[in-house]
Amino acid sequence: MRYLDGWRGLAILLVLEGHFLSILPLNTGRLGVDVFFCLSGFLMSGLLFIKRQPLSIFYKRRISRVFPVFLFFVVSIYGVGELSGVHFSSAEFFATLAFLRTYLPLEIGIWQGNVPIGHLWSLNVEEHAYLLMSLVTLLPWARGREGWVLLSSGTLCILIGLAYVRIGPLAPHSGDLGTEVAASHLFIAAGYRLVREHYRWTVSSWLPLLSTFAAACLYSDIAPWWAPRLLSPYLLAFAVNHLVDAHAAVRALLSSRLMTSFGIWSFSIYVWQQPFFVLRAEFIGGSAGAFVVAMGVALASYYFLEDPCRRWLNARWTRGRAAEGGRSV
């Protein structure tokens, strides 16, 4: 389904717009992350609860997708920081590698560090959510009820986020970047897919587009502070789950070469764009120059690191499973 790659492309284009253009009167950076979260929840729900992919395969696929680029980026960015005299603690480095930098170390938040890895908060949320969803597959009492469990979990994340706002300085320093808050889009999109799979209803072909537009409006400065927290997870989850019902023109746009290409490159782009965004004032041409260099590095990352490593690891693990199967016969 190429339009899903296009939806991923939409997510990364929104992030790039928010960082390097900032033309739209919206917080497109956060909107793009939430668009991607909903797609991730939708896809992982299908793998874990509909296809019932074995957890060993699920984890290996996640490792082959994420770790080569992530590990190279983290080591590189901290290595450059060390050579440049940028101060950071070993706790920051190891917490980043362990997908715990959103929470640790307690004395310095992920956005307060001197190394530009703040954007990895979203990758932390994603990996934590995948782990939690995979654990749900092991709960006998949840079998057949996973959709409602995930929807309830996503709603709980929303309530926790609203509570954090109410208690203000008493809230954890991770705030709305913590998984207990930010995973709402992932869980609700995942849960809605399972509920919809059971009831198999369809909707008007324009509703997915209208739902996406309504969600985008919530990220404007004039929207109430609570609106994106409370409503966006449901609107975007509805949109991604009903892309299959969307008008042919919408799906054709998402399936276009431009949108699907950005979707395929999206992980490398997202990982590498942050340092160039932070240092954009240092480039010739400012944001435009930083964007061009960031895209060059991201494409090199995809074609020389991400894609070859993923293919090699998946092929190696596939041969391993085939060999085990042959021995068991």
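A helix here is a DSSP run of at least four residues, and helices are numbered from the N terminus. Keep that in mind, please. The model on the screen is a predicted one.

Let's start with the largest pocket. Which helix gives the most to its lining? That is H2, with eleven residues. The space in this pocket comes to about 990 Å³. Its lining has 41 residues. Nearest the centre you find Arg-8, Leu-43, Met-44, Arg-62 and Arg-65. Several elements give two or more residues to the lining: H1, H2, H3, H5, H13 and H14. H1 covers 2-21, and H2 covers 28-50. H14 runs over 287-328. What kinds of residues are these? The lining splits into 21 nonpolar, nine polar and eleven charged.

Why look for pockets with a probe? Rolling a probe the size of a water molecule over the atoms shows where empty space is left.

Next, Ser-266. This serine sits in helix H13. Is Ser-266 buried or exposed? It is buried, because its relative accessibility is 4%, and buried means under 20%. Ser-266 touches Arg-8, Ile-12 and Arg-65, leaving out residues up to four places away in sequence. Two of those names should ring a bell: Arg-8 and Arg-65 are among the residues nearest the pocket centre.

Now the nonpolar cores. In soluble globular proteins, nonpolar side chains tend to be buried together. Here the largest nonpolar core has 57 residues. Which members touch the most other members? They are Phe-73, Tyr-78, Ile-117, Trp-121, Met-133 and Ile-269. H1, H2, H3, H5, H6, H8, H13 and H14 each give two or more residues to this core. H13 gives the most, with nine residues.

Take Ile-269 on its own. Beyond its neighbours up to four places away in sequence, Ile-269 touches Ile-12, Leu-16, Phe-262, Met-295 and Ala-298. Apart from the largest core lies another, of 32 residues. Its members include Leu-162, Ala-189, Val-195 and Ala-227.

Val-195 comes up again with Trp-148. Trp-148 is in helix H6, residues 146-167. Its relative accessible area is 49%, so Trp-148 counts as partly exposed. Trp-148 touches Val-195 and Tyr-199, not counting residues up to four places away in sequence. Compare Ile-264: it is 116 residues from Trp-148 along the chain, and the two C-alpha atoms are separated by 31 Å.

Now a pair with a shorter gap in space. Tyr-59 lies in helix H3, residues 55-83. Tyr-59 and Ser-134 are 75 residues apart in sequence, yet 9.2 Å apart in space, C-alpha to C-alpha. Setting aside neighbours within four places in sequence, Tyr-59 is in contact with Leu-131 and Ser-134. Tyr-59 is partly exposed, at 31% relative accessibility.

On to the aromatic rings. How many aromatic pairs does the structure hold? There are 19. A pair of aromatic rings is described by the distance of the centres and the angle of the planes. Take Phe-67 and Phe-99. Their ring centres are 5.6 Å apart and their planes stand at 75 degrees, so the pair is edge-to-face. Phe-67 is in helix H3 and Phe-99 in the loop between H4 and H5, so the pair ties together parts 32 residues apart in sequence. Phe-67 is partly exposed, at 32%, whereas Phe-99 is buried, at 8%.

Tyr-302 and Tyr-303 make another pair. Their centres are 4.9 Å apart and their planes at 85 degrees, so this pair is edge-to-face too. Tyr-302 is buried, with a relative accessible area of 7%. Tyr-303 is partly exposed, at 47%. Ring pairs also link Tyr-78, Phe-88, Phe-93 and Phe-94 into a cluster.

Last topic: the backbone. Most residues other than glycine have a negative phi, and most peptide bonds are trans. Ser-22 is not a glycine, but its phi is positive, about 55 degrees. Where is Ser-22 found? It is in the loop between H1 and H2. Ser-22 is partly exposed, at 48% relative accessibility. Arg-52 also has a positive phi of about 55 degrees. Arg-52 is in the loop between H2 and H3, and is partly exposed, at 27%.

Finally, Leu-104 and Pro-105 are joined by a cis peptide bond, with omega about -10 degrees. Pro-105 lies in the loop between H4 and H5.

Technical notes: Residues numbered from 1 in each chain as written. Predicted model: local features only at pLDDT ≥ 70, side-chain atom pairs only at ≥ 80, totals over all residues. Heavy atoms only, no water. Buried < 20%, exposed > 50% of the residue type's maximum accessible area, 1.4 Å probe, protein only. Contact = heavy atoms within 4.5 Å. 1 Å grid on protein atoms, 1.4 Å probe; cavity = no way out; pocket = protein on both sides within 12 Å on 5 of 7 lines; lining within 4 Å. Points joined across faces, edges and corners; volume = space filled by probe spheres on them. Nonpolar A, V, L, I, M, F, W, Y, C, P; charged D, E, K, R; others polar. Core = buried A, V, L, I, M, F, W, Y, C linked by side-chain atoms within 4.5 Å. Phe/Tyr/Trp six-rings, centres within 6.5 Å; stacked < 30°, edge-to-face > 60°.
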